[in-house]
Amino acid sequence: METRTLGTQGLEVSRQGLGCMGMSEFYGAADEGEATATIHRALELGVTLLDTADMYGPFTNERLVGRAIAGRREQVVLATKFGNVRGEDGARLGIRGDAAYVREACDASLRRLGVDHVDLYYQHRVDKQVPIEETVGAMAELVAAGKVRFLGLSEAAPETIRRAHAVHPISALQTEYSLWTRDVERKILPTVRELGIGFVAYSPLGRGFLSGRWSSPDEIPVGDFRRGNPRFQGENFARNMAIVTRVRELAEAKDATPAQLALAWAMARGEDIVPIPGTKRVRYLEENVGADAIELSDEDLRALDEAVPVGAAAGERYPDMSSIDV
């Protein structure tokens, strides 16, 4: 797989990464054996960027990823995150970005992952009660200590990104971006491009919706996070299915699956964009990686722009958008 550079500090990753969140939580039952096989297969196929976070599980996803990459550390660009605080029982305890917590969270992640450093360390959500300068200052100390190689932010607003980057170079911004979530094109992408920051697109398949996997909300398993997601409910679901239908038609013309077309579109949006589709199954991973071979013409991109313009999706991205920095 081809590689791309995130930021201007030398962080090189595969053109497509792997989101590991669903291997432990949010998307139905977990199967560590299949999840581990998926990670190993990803590395075999040239996927180097693995994305996790301390809150996934909580805490269990980092342990799973750590076990999976044992003996394979040199093949991996390892990314994790801090800031969404959770208890061992799964309780959500708010957002923290104070310096003491940054240091504490990093050391805990290193222990769970079984590594001596993280390649890319993100603030998962911005703590609006703590100046971003304090948070990134503490993150910069982790770089100086050799515990972290590169810094990132997730779901941060343009002004926050600018202030953070002034403290220490930010190599990557991770934010939701897909055919049906294109609002970052207005202000976020122009900002990171101006500053020379790479963009990591999470949920590039619209949490699986764009794959065409479901025809009704009732097909989503009980306990799956998506059952409570506004875009997967009621009239929103029906309206969003119209998007999937059009994407499927365009995909068939390219002899591709809807998921592959959606990923090819994300990668075609710029050499500074790296999508990290999440999956916990080898067969879906292999399908996703197949998108790497799809070339989209200007005509293809225009057709997709017309089919799914900015703001086309019905419903909010999350049931509660209050943690998003705007």
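How far apart are the mean positions of the positive and negative charges of the protein chain? They are 2 Å apart, for 39 positive and 49 negative charges. Lys and Arg count as positive, Asp and Glu as negative; His and the chain ends are not counted. Each charge is placed at NZ of Lys, CZ of Arg, CG of Asp or CD of Glu.

This is a predicted model, in which local features need pLDDT of at least 70 and side-chain atom pairs count only at pLDDT 80 or more, while totals for chains, interfaces and linings use all residues. Residues are numbered from 1 along each chain as its sequence is written, and side-chain values use heavy atoms, with hydrogens and water left out.

**Whole chain**

Select the protein chain. Its C-alpha atoms fill a box of roughly 50 × 40 × 35 Å along the principal axes. Buried residues make up 58% of the 326 residues; buried means under 20% relative accessible area with a 1.4 Å probe, protein chains only. Colour by secondary structure: 10 helices and 12 strands appear. These are DSSP runs, helices (H or I) of at least four residues and strands (E) of at least two, numbered from the N terminus.

**The sheet**

Now show the open sheet of 8 strands. Its order is β3-β4-β5-β8-β9-β10-β11-β12, with parallel pairing. β3 (18-19) and β12 stand at the edges with a single partner strand each, so one side of each has no neighbour in the sheet. Two strands pair if DSSP finds at least two bridges between them.

Select β5, residues 77-82. 6 of its 6 residues are buried, so β5 is largely enclosed by the rest of the structure. V77, A79 and K81 lie on one side, and L78, T80 and F82 on the other. Add β4 (49-51): 3 bridges join β4 to β5, running parallel. L49 stands opposite V77.

Move to β9 (148-154) and β10 (172-176). These strands run parallel too, joined by 3 bridges. Find G152, opposite A172 in β10.

**Helix α8**

Select residues 258-268. 10 of the 11 residues of α8 are buried, so this helix is largely enclosed by the rest of the structure. Among them are L261, L263, W265 and M267.

Which elements do the buried residues of α8 pack against? Show β1 (3-6), α7 (234-253), β12 (273-275), α9 (282-289) and α10 (298-307). Finish at G270, just after α8, which takes a positive phi of about 160°.

Conventions
Buried means under 20% relative accessible area, exposed over 50%, partly exposed in between (1.4 Å probe, protein chains only). Contact means heavy atoms within 4.5 Å.
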